[in-house]
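User: I'd like to learn how to read a model like this one, feature by feature. Can you walk me through it?

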Amino acid sequence: MPTAGLKTIIALSFVLAVGFLLVILSCALWHSYYPLLVVATYVLAPLPNWICSHCANPDDFVESSGAAVLDLGRFCTGFFVVMGIALPVLLAHSNAITISAAVMSVIGGLLIYGTIISFAMFFQEEQEF
Amino acid sequence: MSEDRLWKFRRPEWLNSIWARNAGVYGAGGLFSLAFYILLDSAVWSKSALNGSTVHVTFVDWLPFIFSSLGMLIINSVEKARLSADSFSYSGSGVAWKARVVLFLGFAALAGGLAGGVTVFVLKFIVPGVPFPALTMGVEVMLSAMIVGLSTVILWVSQNIEDEYSYNLSL
């Protein structure tokens, strides 16, 4: 795990701002505010994993009672991540938004989600084993 | 252990890692999401101005997906250890038999959803001879049920990896 410094925070916040810029621009340029749903999706995406990892106790390997809850959290996270890509493609296919708006919101959403994930990776406490 | 297996074929060695298991569960969630949004795409496209035909997505088109998802839920509610071991004294006799009945119901719902998808595709789209851009809705109905089945298989296999992992660790 690399050490997190001030430069990491600055870079991550810059990427987050670019992601939000792309999503909001994809809404505002064509006056159709459906792509804002992508932001909500990617903000919600790490939540099931986070909640379920607090519900289960990972030390209990032999009994494996908490593994099902962890799997449920992973399943929901996978659902949300694909939802963030599928939703703009769906809207573009039905002509609710243009194709370029869909591309911009997908790229912006992936930047936002990548920022959230790498922030959690850099700044999580060293508690494993 | 190897005598009590439900499936007799052997899985490759690289699958026996915690990384492959987690990736499998994430992938199953992603595939399920893909199936749901393929079906939602057909419903949204049916209502949009692009659909020039009189064919529309109704509740009948949602039924195969609903049945497949129900089957997936039932299949993954069965604990895998109950299938092979019949000696659990605390929950009555014949536990493995009961678990297999529930599992059969789950697989029946899953296969019923798949067959229902093909049925809707044939009866609603092929037999009346719906032209191509509206035919996409029928293809998507069939495809979503199939992807739910694929997601179930991946989730099942990756949860079986979990058993092997904890088994290796406890020894």
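User: Let's start with chain B: what share of its contacts with a separation of 6 or more comes from residues 24 or more positions apart?

Analyst: Keep in mind that this is a predicted model. In chain B, 74% of the contacts with a separation of 6 or more are between residues 24 or more positions apart. For chain A the figure is also 74%.

User: And which secondary structure elements make up each chain?

Analyst: Chain B has 5 helices and 0 strands, giving the pattern α-α-α-α-α along its sequence. Chain A also comes to 5 helices and 0 strands, and its pattern likewise reads α-α-α-α-α.

User: How do I read burial and surface for chain B and chain A?

Analyst: Look at the buried fraction together with the accessible area. Chain B has 171 residues, and 42% of them are buried; it exposes about 9,400 Å², with carbon and sulfur atoms supplying 71%. Chain A has 129 residues, 36% of them buried, and an accessible surface of about 7,600 Å², 73% of which belongs to carbon and sulfur atoms.

User: On to the interface of the two chains. How is its size given?

Analyst: People often quote the accessible area that is lost when the parts come together. Here, chain A and chain B bury about 2,000 Å² between them, and carbon and sulfur atoms give 69% of that. In residue terms, 19 residues of chain A are in contact with 28 residues of chain B.

User: How many polar contacts and salt bridges cross between chain A and chain B?

Analyst: The rule finds 1 salt bridge across the interface, along with 7 residue pairs in polar contact. On the chain A side, helix H4 (residues 67-93) gives the most, with 13 residues. Sorted by class, that side has 10 nonpolar, 7 polar and 2 charged residues.

User: Which residues form the salt bridge that crosses between the chains?

Analyst: For a salt bridge, check the closest N and O atoms, then ask where the partners sit. Asp71(A) pairs with Arg21(B), with the closest N and O atoms 2.9 Å apart. The pair runs from helix H4 of chain A to helix H1 (residues 18-47) of chain B. Asp71(A) counts as buried because its relative accessibility is 5%, and Arg21(B) is buried too, at 5%.

User: Which residues are linked with Asp71(A) in a network of salt bridges?

Analyst: The network links Asp71(A), Arg74(A) and Arg21(B). Within chain A, the side chains of Asp71(A) and Arg74(A) meet at 3.3 Å, N to O. These two are 3 residues apart in helix H4, so about one helical turn separates them. Arg74(A) is buried as well, with a relative accessible area of 12%.

User: How many salt bridges does a search of the whole structure find?

Analyst: It finds 3 over all chains. One of them joins the side chains of Lys124(B) and Asp61(B) at 2.6 Å, N to O. Here the thing to look at is sequence distance: Lys124(B) in helix H4 (residues 95-126) and Asp61(B) in helix H2 of chain B are 63 residues apart, so the pair links distant parts of the chain. Lys124(B) is partly exposed, with a relative accessible area of 22%, whereas Asp61(B) is buried at 0%.

User: What about backbone angles? Which sign of phi do most residues other than glycine have?

Analyst: Most of them have a negative phi. Two residues in chain A are worth a look here. His31(A) has a positive phi of about 55 degrees, though it is not a glycine. It is found in the loop between helix H1 (6-28) and helix H2 (36-44), and is exposed at 67% relative accessible area. Asn95(A), also not a glycine, has a positive phi of about 65 degrees. Asn95(A) lies in the loop between H4 and H5 and is exposed at 54%.

User: One last local feature: which backbone oxygen does the side chain of Ser118(A) reach?

Analyst: In a case like this, trace the side chain to its backbone partner and then check burial. The side chain of Ser118(A) reaches the backbone oxygen of Gly114(A) at 2.6 Å. Ser118(A) lies in helix H5 (residues 99-123) of chain A. With 16% relative accessibility, Ser118(A) counts as buried.

Conventions. Residues numbered from 1 in each chain as written. Chains lettered and ligands numbered in written order. Predicted model: local features only at pLDDT ≥ 70, side-chain atom pairs only at ≥ 80, totals over all residues. Heavy atoms only, no water. Helix = DSSP H or I, 4+ residues; strand = E, 2+ residues; numbered from the N terminus. Buried < 20%, exposed > 50% of the residue type's maximum accessible area, 1.4 Å probe, protein only. Contact = heavy atoms within 4.5 Å. Areas by Shrake-Rupley, 256 points an atom, 1.4 Å probe, with all protein chains shown as cover. Buried area = accessible area lost by both parts, 1.4 Å probe. Salt bridge = Lys/Arg side-chain N within 4 Å of Asp/Glu carboxyl O. Polar contact = N/O pair within 3.5 Å; in protein donor to acceptor, adjacent residues only side chain to side chain. Nonpolar A, V, L, I, M, F, W, Y, C, P; charged D, E, K, R; others polar.
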